[in-house]
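Dear colleague,

I am passing on the structure we spoke about, with the sequence alongside. Please look through it first, and then read my notes below.

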Amino acid sequence: MIEEKKWDVIIVGGGPSGYTAALYLSRATLSVLVLAGVKAGGQLMNTTLVENFPGFKDGVMGPDLMMNMEAQAKKFGAEVRYEDVAKVELVGETKKVWVGDPSAGSGQEYSAKAVIISTGASSKMLGLGEEQWMGKGVSTCAVCDAAFFKEKMTVVVGGGDAAMEDALALAKYAREVHLIHRRDSFKASKIMQERVVTNPKIKIIWKSEVVEVRGSEKMEGIKIKNVETGLTTDMVVDGLFLAIGHFPATELFRGQVVLDEKGFLKTGITNGNAKVWLEGYPTMTSVDGVFGCGDVVDFKYKQAITAAGMGCQAALDAEKYLTGKVSSY
Ligand SMILES: Cc1cc2nc3c(=O)[nH]c(=O)nc-3n(C[C@H](O)[C@H](O)[C@H](O)COP(=O)(O)OP(=O)(O)OC[C@H]3O[C@@H](n4cnc5c(N)ncnc54)[C@H](O)[C@@H]3O)c2cc1C
């Protein structure tokens, strides 16, 4: 089925970045369709207390924050549908987006003058069933959760800059931080490695991997194995932090917009081209009229507030692209 209406902007993704973009665009009186996906609300729907989103001095529950963001965008006229996008055609003046199963003829086709991609990213997991203890001892975001582990025994898994940052963030609060890495050297930058190895709270466990995560109501401990000797050790752990990378949700767009080597969406902000800041649209992708924001672009910060901030930027760029004038936001 083809919907007759041509929207000003279709936003693919209903997390902090997508809903913020929807708020700005609908408030600027543009017609906005948010295809929020069946997991509308995004990553914060999977957490409890968010203590670092400004404006909530006692914190806010992740799902409450997201329901409020959605309601705020709807208040100004944004239409939100809880459907996963299955196919896109982004090049040209009319952008086409399908939900359902277009190949079986059962899809719904939407069209717009501009598209904002805000599909987020998901953290890589160990594959040991540890997801069941997310928010109950297992975390993928030390910046978000380190403060909950005061005087606790914690483990970070990984060997890149993100793992170094997580270990250092935890060392400010935790009693002990064990950094577990499969190899005998880190791929993190030298300066980050230096900070980690000189921090008295951080102990490095080389050439080891986590082979079991156990718990009941909450995560209680792990088993690690030395990859050289095969020897295993049980550890009683309060917090297990995974810093082994992310999967940006960009498969849908592969071949149509330029992605980086890890699959993150490239925009003017991340391709290092300063010119786009002065003359163009910093959040535009390689395709005219297609913008990107949030964790699907941001390979570094990955916070709700940075995602929301980039959603605002993408909305203002899209508005400028559509109207040829600077926003009256
Ligand atoms: C457990 C956990 C706790 C966290 N705690 C904090 C915290 O305390 N503070 C903080 O600042 N940050 C926290 N974060 C990080 C924060 O949640 C993310 O940085 C933020 O949600 C990114 O927003 P986003 O809009 O870019 O993407 P997401 O929140 O990932 O939203 C992506 C959206 O895209 C949709 N989508 C994906 N594919 C499709 C498709 N094909 N069609 C339609 N829709 C699609 C999804 O359904 C989802 O709605 C936490 C993350 C996790 C996982």
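How far from Asp166 is the nearest side chain of opposite charge? Before I answer, please keep in mind that this is a predicted model. The side chain in question is that of Lys300, 10.0 Å away, and Asp166 has no salt bridge although it is buried. A salt bridge would need a side-chain nitrogen of Lys or Arg within 4 Å of a carboxyl oxygen of Asp or Glu. Asp166 is found in helix 4, which covers residues 161-171, and, leaving aside residues up to four places away in sequence, Asp166 touches Ala142, Val156, Leu242 and Ala243.

A second buried residue is Met153, which counts as such because its relative accessibility is 9%, under the 20% limit. Met153 lies in strand 11 (residues 153-157), and its contacts, again without residues up to four places away in sequence, include Arg175, Glu176, His178 and Met235. The C-alpha atoms of Met153 and Tyr321, which are 168 residues apart along the chain, are separated by 51 Å.

Finally, there is an open sheet of three strands in the order 14-15-16, with antiparallel pairing. Strand 14 (208-215) and strand 16 (232-236) stand at its edges, and each has a single partner strand, so one side of each is left without a neighbour in the sheet. Neighbouring strands of this sheet are turned against each other by 25 degrees on average, direction ignored. Strand 14 is joined to strand 15 (residues 219-226) by seven bridges, and Lys225 in strand 15 is the bridge partner of Glu209.

With best wishes

Notes: Residues are numbered from 1 along each chain as its sequence is written. This is a predicted model: local features need pLDDT of at least 70, side-chain atom pairs count only at pLDDT 80 or more; totals for chains, interfaces and linings use all residues. Side-chain values use heavy atoms; hydrogens and water are left out. Helices (H or I, at least four residues) and strands (E, at least two) are DSSP runs, numbered from the N terminus. Buried means under 20% relative accessible area, exposed over 50%, partly exposed in between (1.4 Å probe, protein chains only). Lys and Arg count as positive and Asp and Glu as negative; His and the chain ends are not counted. Contact means heavy atoms within 4.5 Å. Two strands pair if DSSP finds at least two bridges between them. Axes are lines fitted to C-alpha atoms, for helices over the stretch in contact, and angles run from 0 to 180 degrees between N-to-C directions.
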